[in-house]
Amino acid sequence: MLHRTLRWGAVLVALGCFSPLAANAASTYGAAAPSAIVAPQVTQQAATQTTSLLAGRISQAVSNVTGSIGGGPQPSFSPSPGRVSGLNQQGKAAGDPVKDTALWMNAGNAWVENDQDGVNFDGTIQTAIVGIDHQITDNWLVGVAAGYEHPDVTTKFNNGTFKGNNFALFPYAAYIINKNFSLNAVAGYTLVNYDTTRNNGAVTGSIEGDRLFGNLNATASTTINNWGLSSTAGYMWLLETQDAYTETGVGANRNEENQVRLGQLRWTNKAGYTLEQDWGSITPYGSVRLEYDASHTPTGVADAIGTPVANDRFGATFGIGADAKVGDDISVSLEGTSSEFREHLSTYAVSGTVRIKF
């Protein structure tokens, strides 16, 4: 435990500054045949997808307060009398108590598939998050959330499975510059535990490790009548270290420590239209997020002749959803997304968030 504490202490000092790593995923393969490999690219995809899902849902929860259209509408996009430009945009009469604390819950499922020969896999990634935050001033929000992630993947290339039970803890914060500009950030730690099988269960393994991740966003938004428009520029990163382990069973291998890293630039644009209701409002919206992997771990080769595993740097995620505000204190969000333009890889996800002020 001491060596791990010292290791992560050094990482925290260099937060977000990724230098070339000595461990290369390709070295994990060596001269072994693909059927004898548990696949570092599978763990990389699991780490990338779950971190992306968690970061997106934290941003969604934060935007529920900041008024960004992708995460929870206000009763109207146009400020009403009595509202201020900070977080307490509730439009209540003088003397009404301001509820500055909120509890929120999110659950979702993603379907992921890689159809490249030699490394093909498919499965699901389930996530659940509970968070609580507090407005310490009109312009500052701070909170903390805990999450659970469960990748459940069939690794077709080696007749195996890959499953995880991972737990994350992450503080987050938002700062409202004015009614049009805001910032939000999240940093977190995940304790990971993966169980693997191959050769129809003849060989099994258990992988333990740690993941650090973070996400920083700057958002600009405006309104035109009932239309709301927003644009968010951000950076997401992760660094996961998987401890060395030895498989059990006939043909078992020794697997050395492996690291997964990603630094991804993101640009998200959303447009939504608010429909006023007697009980509150509902805002259908559409979104597109452009993604560029400025830094990522090499994924090695797919077969004995050295075919590279596809690892595109560019992708895009398209989303449609609806946000509803029920009275002053309850908001609900539903969203579906599709990730595109990454060779051999496709991901579809649905999620829902409920936020309650008290």
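H344 is found in the loop between β16 (330-340) and β17 (345-357) of this predicted model. Its phi angle is near 70 degrees, a positive value in a residue other than glycine. At 31% relative accessibility, H344 is partly exposed, because the buried class ends under 20% and the exposed class begins over 50%. The chain around this loop has two helices and 17 strands, and 49% of its 358 residues count as buried.

**A second loop residue with positive phi**

- N199 is located in the loop between β6 (181-198) and β7.
- The phi angle of N199 is near 55 degrees, which is a positive value in a residue other than glycine.
- With a relative accessible area of 31%, N199 is partly exposed.

**Confidence of the prediction**

- The chain has a mean pLDDT of 80, and 78% of its residues reach 70 or more.
- In residues 1-38 the pLDDT is below 50, and this stretch has 65 contacts in the model beyond near neighbours in sequence.
- In residues 68-92 the pLDDT is also below 50, and here the model has 87 contacts beyond near neighbours in sequence.
- Where pLDDT is low, predicted coordinates should not be read in detail.

**The chain as a whole**

- Among contacts between residues at least 6 apart in sequence, 65% join residues at least 24 apart.
- The accessible surface of the chain is about 15,500 Å², and carbon and sulfur atoms account for 62% of it.

**Nonpolar cores**

- The largest nonpolar core has 18 residues.
- The residues with the most contacts inside this core are I58, W104, I129, A145, F170, Y172 and L238.
- Two or more residues of this core come from each of the elements α2 (40-66), β3 (140-155), β5, β8 and β12.
- A second, separate core has 16 residues, including A46, L53, F157 and L345.
- Apart from residues up to four places away in sequence, A145 touches I58, W104, I129, V130, G131, A168, L169, F170 and Y172.
- In soluble globular proteins, nonpolar side chains tend to be buried together.

**Aromatic pairs**

- The model contains eight aromatic pairs.
- One of these pairs joins W104 and Y172, whose ring centres are 6.3 Å apart; their planes stand at 65 degrees, so the pair is edge-to-face.
- W104 lies in strand β1 (residues 101-114) and Y172 in strand β5 (residues 166-176), so that the pair links distant parts of the chain, 68 residues apart.
- W104 is buried, with a relative accessible area of 0%, and Y172 is also buried, at 4% relative accessibility.
- The rings of W227 and Y273 have centres 5.0 Å apart and planes at 65 degrees, so this pair too is edge-to-face.
- This second pair links W227 in strand β8 (residues 227-242) with Y273 in strand β12 (residues 258-273), 46 residues apart along the chain.
- W227 is partly exposed, with a relative accessible area of 44%, and Y273 is partly exposed at 34% relative accessibility.
- F314, F318 and F341 form one aromatic cluster.

**Strand pairing around β12**

- Strands β8 and β12 pair in the antiparallel sense over 16 bridges.
- M236 stands opposite Q264 in β12.
- β12 also pairs with strand β14 (residues 280-296), in the antiparallel sense and over eleven bridges.
- L265 stands opposite Y292 in β14.
- In a regular strand the side chains alternate between the two faces of the sheet.

**The surroundings of N215**

- N215 belongs to strand β7 (residues 203-224).
- At 5% relative accessibility, N215 is buried, because the limit for this class is under 20%.
- Leaving aside neighbours within four places in sequence, N215 is in contact with A55, S59, N184, A185, V186, Y235 and M236.
- M236, one of these contacts, is the residue that stands opposite Q264 in β12.
- The C-alpha atoms of N215 and Q264 are separated by 9.4 Å, although the two residues are 49 residues apart along the chain.

Conventions
Residues numbered from 1 in each chain as written. Heavy atoms only, no water. Phe/Tyr/Trp six-rings, centres within 6.5 Å; stacked < 30°, edge-to-face > 60°. Helix = DSSP H or I, 4+ residues; strand = E, 2+ residues; numbered from the N terminus. Buried < 20%, exposed > 50% of the residue type's maximum accessible area, 1.4 Å probe, protein only. pLDDT = per-residue confidence, 0-100. Contact = heavy atoms within 4.5 Å. Core = buried A, V, L, I, M, F, W, Y, C linked by side-chain atoms within 4.5 Å. Pairing = 2+ DSSP bridges. Areas by Shrake-Rupley, 256 points an atom, 1.4 Å probe, with all protein chains shown as cover.
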